[in-house]
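Here are some notes to keep beside you on a first look through this model. They are numbered, so you can take them one at a time.

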Amino acid sequence: MPGRGSVGTVIMADRAWKAPTGRTPAETTAEQDRAAGGRKGRMVDLGASRYARASVDLRLNRTATEVLARLRWSDGGKAHTHELGQVSRSTRARNLSEGWTIARNSGLVTTERLPSGSWASSAGARASMRGNRSRDTEPELALRRLLHRRGLRYRVSARPIVGSRRTADILFPKAKVAVFVDGCFWHGCPEHHRPSSVNSTFWRDKIEQNRKRDADTTAQLNTAGWTVIRAWEHEDPATTADLVEAAVRIRTSRADG
């Protein structure tokens with residue numbers, strides 16, 4: 001409960017607004033989903049069938065006597081916020097819920113509508129698929145940073161074979177080394193891929209096609225004299241960097257010799 005200062009000013013307790021320390025991103029997401037009444041209710045309409053998932057932030061005003069809520073989302077990497085005003089509950093969970101209620105009543109958030117012909121079974125599934133980038137993923141960026149620190153220079157999202165549309169995530173043209181960082185869902189990781197329970201036949205066929213395409217790409221590159229290194233997104237980037245560095249330096253020395 002709020003305490004009182006020496007002059008009778010109500011000081012808001014931490015539990016009315018402050019997030020626990022050490023939470024994982026998954027726990028933070030779950031908290032927002034609960035407060036919003038479900039993930040599907042957290043969408044900001046950006047127009048042109050584009051949506052962004054929003055969050056509600058809580059903070060104290062300058063005198064620490066009021067808890068203020070604001071809506072936050074991102075569009076194209078640029079952060080946006082909208083002030084929702086004061087919330088007056090005694091716990092963080094209730095204040096988050098009140099903030100989401102204000103956002104809904106103000107028309108700031110909506111439920112994403114699936115466009116005609118979408119493969120996704122729900123708006124949440126579509127948002128997840130759209131979040132899976134075809135390039136510049138976090139595992140790929142982590143690997144590129146390690147390789148760059150080791151003095152290796154490379155091309156990004158480039159085609160090893162002229163006339164072929166097959167694209168490598170990281171390419172070393174002189175050494176003829178092609179690196180692929182494969183996502184666990186889209187490429188059917190044997191450890192982490194979990195078949196979809198909705199539209200299961202479609203997704204099973206889709207993932208199987210991706211696997212066959214991966215194998216065919218590797219075979220084409222090997223035939224053309226390339227060394228192919230494939231890593232799953234869950235694998236330690238440092239281990240992958242060791243493999244890539246060794247392959248590049250060996251093949252470069254052979255080319256120079």
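1. Let us begin with a ring: which residue lies over the face of F180? The residue is R230, and its distance from the ring centre is 4.1 Å. Please keep in mind that you are looking at a predicted model. R230 is a good place to start, and it comes back in the next two points.

2. From R230, turn to T218, a residue of helix 5, which runs over residues 200–223. The side chains of T218 and R230 make a polar contact at 3.0 Å. Once neighbours within four places in sequence are set aside, T218 is in contact with V228 as well as R230. R230 therefore takes part in two of the arrangements described here: the polar contact with T218 and the placement over the ring of F180, where "over" calls for the CZ atom of Arg to be within 6 Å of the ring centre.

3. Another residue to look at with R230 is A168, in strand 9. Along the chain A168 and R230 are 62 residues apart, and their C-alpha atoms are separated by 9.8 Å. Is A168 buried or exposed? A168 is buried, because its relative accessible area is 0% and the cut-off for buried is under 20%. Leaving out residues up to four places away in sequence, A168 touches S157, A158, P160, A178, V179 and F180. F180 is the ring you met in the first point, with R230 over its face.

4. One of the residues that A168 touches, S157, deserves a second look. S157 belongs to strand 8, and its phi is near 50°, a positive value in a residue other than glycine. S157 is partly exposed, with a relative accessible area of 33%. K176 also has a positive phi, about 60°, and is not a glycine either. You will find K176 in the loop between strand 9 and strand 10, partly exposed at a relative accessible area of 27%.

5. How many aromatic pairs does a search of the whole structure find? The search gives 2. One is Y154 with F172, an edge-to-face pair with 6.0 Å from centre to centre and 70° between the planes. This pair links distant parts of the chain: Y154 sits in the loop between helix 4 and strand 8, F172 sits in strand 9, and 18 residues separate them. Y154 is partly exposed, at a relative accessible area of 22%, whereas F172 is buried, at 4%. F185 and W186 also form an edge-to-face pair, at 5.3 Å between centres and 80° between planes. F185 is partly exposed, with a relative accessible area of 29%.

6. Now follow helix 6, residues 237–256. Its 20 residues reach 28 Å from the first C-alpha to the last, close to the 28 Å expected at 1.5 Å a residue. At the start of helix 6, a side-chain oxygen of D236 comes to within 3.0 Å of the backbone nitrogen of A238. Which residues of helix 6 are buried? They are T240, A241, V244, E245, A247 and V248. An α-helix has 3.6 residues a turn, so residues three or four places apart point the same way. The cover over the buried residues of helix 6 includes helix 4, strand 9, strand 10 and strand 11.

7. Helix 2, residues 92–105, can be read in a similar way. It has 14 residues and reaches 20 Å between its first and last C-alpha atoms, close to the 20 Å expected. Its buried residues are R92, N95, L96, E98, G99, W100 and A103. Helix 1, strand 5, strand 6 and strand 7 are among the elements that cover them. Just after helix 2, G107 takes a positive phi of about 75°.

8. Finally, step back to the whole protein chain. It has 6 helices and 11 strands, and 33% of its 257 residues are buried. Among contacts between residues at least 6 apart in sequence, 51% join residues at least 24 apart. The accessible surface comes to about 15,300 Å², and carbon and sulfur atoms account for 49% of it.

How values were computed. Residues numbered from 1 in each chain as written. Heavy atoms only, no water. Helix = DSSP H or I, 4+ residues; strand = E, 2+ residues; numbered from the N terminus. Buried < 20%, exposed > 50% of the residue type's maximum accessible area, 1.4 Å probe, protein only. Contact = heavy atoms within 4.5 Å. Areas by Shrake-Rupley, 256 points an atom, 1.4 Å probe, with all protein chains shown as cover. Expected span 1.5 Å × (residues − 1). Polar contact = N/O pair within 3.5 Å; in protein donor to acceptor, adjacent residues only side chain to side chain. Phe/Tyr/Trp six-rings, centres within 6.5 Å; stacked < 30°, edge-to-face > 60°. Lys NZ or Arg CZ within 6 Å of the ring centre and 35° of its normal.
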